[in-house]
Amino acid sequence: MKVSLNWLKDYVELPEDLSIEDLAYDLTMRTVEVEDVESLKDRFSGIVVGEILSIEKHENADTLWVCKVNVGGERDLQIVCGGQNLFVGQKVAVSVPGAMVRWHGQGEAVEIKSTKLRGVLSEGMICGANELDLEVIFPAAEHDIMDLSDLEKAQPGVNIADAIGLDDYIIEIDNKSMTHRPDLWGHYGIARELAAIYNTKLKKLETFEVTDNLDNYPVEISTKNCNAYSAYVIDNVKVEKSPLDMRIRLWSVDVNPKNNLVDITNYVMLTTGQPTHGFDYKHVESGILVRDANSDEKLELLDGTILDLDPEDVVITDGKKPLALGGVMGGKQDSILADTDSMLLEIASFSPLAVRRTSKRHNVRTDSSSRYEKDIDTARMEDAKNLAFNLLNKLLPDAKIIAKGQAKQHETERNEITVKYDYLNVRIGREITSQEIHDSLEPLGFEIINEDDNEFTVLAPVWRSTGDIQMAADILEEIARMIGYENFSLIAPSIELEAAINQREVNLNHNLHKYFAIRCGFQEVYTYPWVDSHYIEAADIDASEWLELQDAPSPTQSKLRGSLVPGLLEAAVKNLRYKSEFKIFEQAQVFAKGYRTPSSPDEVLPEQKNYLGLLAAGDSPELLFRDLKGSLESMARYNHCTGISFAQEEKPSWADPKVWLNILDKDGEVIGDLGMISPKTAKNSGVKNHYVLIAEFDLDHIESLDSRTNSYESLNQYQVVTQDLNIWVKDEVKWSEIAELVEPLVQKLEFLEIYRSAEMAKDEKSILLRYELSSSDHTLSSEEIEAKNAEIINVLAENLGAKQN
């Protein structure tokens, strides 16, 4: 938001020796963050008022003139100009050599130099308004120059900023620093803060009494999203150009002046922070009805946008048709028009949540919606009314209020907060006196209504009672900022370090990242906590119990993830556009219904579980499966944590009917899944011509092991014998079944390969395995080796029907 220093000075008397740099610093330290300060006068360096003394036809150009111009210097300047509205005695804006202007209002600013134009010396430039970016203040025909003849201060040699009232500083404030302060979205609110900071007087807004002896204008509210609505019918108005000082004020803070009636509404909003709107009274048929929109209604806005209205939108109607989108923008057909001679002035208060949702729904954001969504107090409507009618009375003294109507459903009440002295002293770090409390709060509009030795009670001003000031912490902040954070001494906490802290869970997470990224070759990804419904549906996951966001980024991203699978699917689809093989992983929180209080009983959060998800994509499903499964099996060994196992108990919804496993923790509880995505999931998610395998599990079930549980085993001193064995088994036989039978009989067992050939039956497969045999007290003889081989073959034959090849 931009703020004019001259505008602020209308309402607050600032110290005479206060520099603009100090003001920006103090405002940042006490109230809001000042991003930038600009001197408007600096924009017009080298641009002065000139008086045309003579005009002659250019001898080499039909459309150019050679002018003698008095610019207040020792001699007059000769300037060649193409303006079509020049006359002797005219006061104009002259860019002397060295000044920067935009040539014909196009492109970047260029430096003006003395040069010859068509053979005639030109010692400067007589400017059009567009060349100084002032065309909205001084509108003119395309080839006309800016005429300053009617300005009293426009004397030769005077800088143009002084001549037209642009000697001002513009303070740019970071909007994010005042999203919680609806009282600051107008010049009067900032002036109130400055008056408190510098302990100076704040000038009250001038009142305006609207007589009660007026016709009653019908106003009705039939929606919960409008707090109050006032309508004033004003006759005998005339649409014309606003006074120069008002146009300059609006332009200086990036609001284009339109006409006197529209400019009054904008001026009121920029002063008080309360939006207002004017309707052409002839287009309002039978009073005002504020209601929720109908689903079949349309509305053309002032900017020409045609909206299909939603039942959650608030509309201003005349009982028959929508006139405006409540809190956002007026309609094009019924607002102030060029021939308006009577107007209806709207001053209203709307629900901040409703305005924000409507603004986001239709992608229409305005100065009005930005203010309404911060929650403006209803008392501000009176300030806006007073200023609006004082301006109207000044600009159009013949205008007359002929009717008024009001409806109110809610009125902002002042919040009452009780604060204990001990609460303040402990958190601020020193004892705060009663006088400091009074000196800090009262200039800001707070009232201390009760006080004793232990606590005091504060009545917040109405403009701070819509959500900004609610609890003792808010009062603490007000006192601390007004005393000045820089005025508190830093007291470092006392910490005694006795021994190093072994954060086993933190170390485990760190080690797992390194393991999967470095040893296993996975790339880490980060996905949003909200999930696109397209990928939830593609994974066929029942998300009915997943948490929903109140203000979702989009209609399809309303769910908080309860699984990492949809997010990994989306990442796979995006990466498969550029790569045919890759492996990615993500460690992140998933959310579930329930609650937890990690910090204090007052902070209630949903259940959050720490999950790890892995995804591998490529052309060989068998290799991908073994790579992914092997990475998980080796996780315990390389990261010194409890291991996992696999079983088939319940197929995940997204997995292929055959290629899937459940992941079990050390106690045999299912904590996740591993599998290849099914053809259905691949098709619905957009995965084409590639195989994708996914694993995800709950990391909270993986425990870091204490290194002191390790035990020492000496290496075998006798020869180890390696044997390879090729067996034929039925297709349904699993490696885990073979391992369970063979491992107790050998020192080490290893799977080598699986093979199928035409010689085998269709339901058979050949498995090649390798094992090691040894003895702890002697070298095995050939007879012992053959006996052990026979024992292994017999065990496999009896239990699994295996045959030796």
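Strands are DSSP runs of E with at least two residues, and helices are DSSP runs of H or I with at least four, both numbered from the N terminus. The model is predicted, so local features need pLDDT of at least 70 and side-chain atom pairs count only at pLDDT 80 or more, while totals for chains, interfaces and linings use all residues. Residues are numbered from 1 along each chain as its sequence is written, and side-chain values use heavy atoms, with hydrogens and water left out.

**Exercise 1. Place lysine 57 in its surroundings.**

Find the strand that holds lysine 57, then work out which residues it touches.

- Step 1: Lysine 57 belongs to strand E3, which covers residues 47-57.
- Step 2: Its relative accessibility is 44%, so lysine 57 counts as partly exposed (buried is under 20% relative accessible area, exposed is over 50% and partly exposed lies in between, with a 1.4 Å probe and protein chains only).
- Step 3: Leaving out residues up to four places away in sequence, lysine 57 touches Asp62, Thr63, Leu64 and Trp65 (contact means heavy atoms within 4.5 Å).
- Step 4: Cysteine 67 is 10 residues from lysine 57 in sequence, and their C-alpha atoms are 8.8 Å apart.

**Exercise 2. Do the same for isoleucine 449.**

Name its strand, then list its contacts.

- Step 1: Strand E26, residues 447-451, contains isoleucine 449.
- Step 2: With a relative accessible area of 42%, isoleucine 449 is partly exposed.
- Step 3: Glu416, Thr457 and Leu459 are touched by isoleucine 449, not counting residues up to four places away in sequence.
- Step 4: From isoleucine 449 to leucine 459 the C-alpha distance is 6.8 Å, across 10 residues of sequence.

**Exercise 3. Decide how covered helix H16 is.**

Count the buried residues of H16 and name them.

- Step 1: H16 spans residues 565-575 and is mostly covered, with eight of its 11 residues buried.
- Step 2: Those buried residues are Val565, Pro566, Gly567, Leu568, Leu569, Ala571, Ala572 and Val573.

**Exercise 4. Describe the whole chain.**

Start from the helix and strand counts, then judge the spread of the chain.

- Step 1: The protein chain has 21 helices and 40 strands.
- Step 2: Its radius of gyration is 39 Å, well over the 28 Å that the globule rule gives for 805 residues, so the chain is more spread out than a compact globule (the radius is taken over C-alpha atoms, and the rule is 2.2 Å times the number of residues to the power 0.38).
- Step 3: Along the principal axes, the C-alpha atoms fill a box of roughly 125 × 85 × 65 Å.
- Step 4: Of the 805 residues, 49% count as buried.
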